[in-house]
Amino acid sequence: MKDVDTPSPADHVLVVDDDPGIRRLLISALGFAGFEVDVAGDLAEALEQVARRAPDVIVLDVMLPGADGFEILQLLRSRTVDVPVLFLTARDAVEDRVRGLRLGGDDYVTKPFSVVEVGARLQALLRRARGGTAVAEDTLLRCADLEIDDPRHEVRRAGRLVELSPTEYRLLHHLMSHQGQVLSRAQILEAVWQYDFGRDSVVVERFVSNLRRKIDHERVPLLHTVRGVGYTLREQAQQ
């Protein structure tokens, strides 16, 4: 019987890293795990690979020559390449993790890393991206003037289309599906990320910050923090 965590033959990962040793390591380890692996060493090669064949998921190093991983991500997102992105960052570069998540990255691992962990996180990203949500095809999720059209994978606030990364969309969908409930960071991590981050709350905090910036900008706030507990989505903060 096939292991449920084994990627299907169509699972294609693009590794963007300028270190030949890391590229060889990930080609070998991810290939052994069942992924099809392509590699690139810089922006030009990454764009060439994406144009040739769109990947299902991308592993993107932060420190690259010419254009860094953040610039590459912004360019890919501007070209509507919305596949999940896993950043590789320096061991203690918290600012790299925060910036990467803010720009629309979906996960990260720190260097030096475990190839087993990279594979597990890629599998989790693919499960989340393909997991869908239990919503009827003709049903919209609404909170005040915020709306999710799940069949079209669209979010609108006051009729204006809001562009979200795959993980931002899944987080918002989860919050809207539990309107009025206060969800802890641990509950959100388990439901949205489906992976144990060791209770690394910066992940949730940064994605909530991203959502606030995108859905509450110049509008009546819908996403609220309950200090010491977690987050809730509702029309107005309860007194």
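The paragraphs below lead through a predicted model of one protein chain, from its overall make-up to an annotated aspartate, a helix and a set of charged pairs.

The protein chain holds eight helices and 12 strands, and buried residues account for 46% of its 239 residues. When contacts between residues at least 6 apart in sequence are considered, 60% of them join residues at least 24 apart.

A good place to begin is Asp-61, where UniProt, in an unreviewed entry, places the feature "modified residue: 4-aspartylphosphate". Asp-61 belongs to strand β3, which spans residues 57-61, and with a relative accessible area of 3% this aspartate counts as buried, because that value is under 20%. Leaving aside residues up to four places away in sequence, Asp-61 touches Val-16, Asp-17, Asp-18, Gly-69, Leu-88 and Lys-111.

One of those neighbours, Gly-69, leads on to helix α3, which covers residues 69-78 and whose buried residues are Gly-69, Phe-70, Ile-72, Leu-73, Leu-76 and Arg-77. These buried residues cover an arc of only 160° around the axis, and therefore they lie on the same side of α3. The spacing reflects a general feature of helices: an α-helix has 3.6 residues a turn, so residues three or four places apart point the same way. The buried residues of α3 pack against strands β1 (12-16), β3 and β4 (85-89), and also against helices α2 (43-52), α4 (94-102) and α6 (166-177). At the start of α3, a side-chain oxygen of Asp-68 comes to within 3.0 Å of the backbone nitrogen of Phe-70, while the helix is followed by Thr-80, which has a positive phi, near 60°.

Charged side chains are the next topic. Side chains of opposite charge can pair when their charged atoms come close, and a search of the whole structure finds 14 salt bridges. Among them is the pair formed by Glu-168 and Lys-214, whose closest N and O atoms are 2.7 Å apart. Because Glu-168 lies in helix α6 and Lys-214 in helix α8 (residues 201-215), this pair ties together parts that are 46 residues apart in sequence. Glu-168 has a relative accessibility of 0% and is therefore counted as buried.

Helix α8 also takes part in a second link, for Glu-205 forms a salt bridge with Arg-185, with the closest N and O atoms 3.5 Å apart. Here Glu-205 in helix α8 is joined to Arg-185 in helix α7 (residues 185-193), so that distant parts of the chain, 20 residues apart, are linked. Both partners are partly exposed, Glu-205 with a relative accessible area of 34% and Arg-185 at 25% relative accessibility. A further salt bridge brings together the side chains of Arg-142 and Glu-147, at 3.2 Å from N to O, and Glu-147 is partly exposed, with a relative accessible area of 24%. Elsewhere, salt bridges link Asp-145, Arg-157, Asp-216 and Arg-219 in a network.

Which side chain of opposite charge is nearest to Asp-150, a buried residue that has no salt bridge? The nearest is Arg-170, at a distance of 8.4 Å, whereas a salt bridge requires the nitrogen and the carboxyl oxygen to be within 4 Å. Asp-150 sits in the loop between β7 (146-149) and β8 (154-157), and its side chain makes a polar contact of 3.4 Å with the side chain of His-173.

How values were computed
Residues numbered from 1 in each chain as written. Predicted model: local features only at pLDDT ≥ 70, side-chain atom pairs only at ≥ 80, totals over all residues. Heavy atoms only, no water. UniProt positions renumbered as here; feature names shortened; annotations may be inferred. Helix = DSSP H or I, 4+ residues; strand = E, 2+ residues; numbered from the N terminus. Buried < 20%, exposed > 50% of the residue type's maximum accessible area, 1.4 Å probe, protein only. Contact = heavy atoms within 4.5 Å. Lys, Arg positive; Asp, Glu negative; His and termini not counted. Polar contact = N/O pair within 3.5 Å; in protein donor to acceptor, adjacent residues only side chain to side chain. Arc of directions from axis to C-beta.
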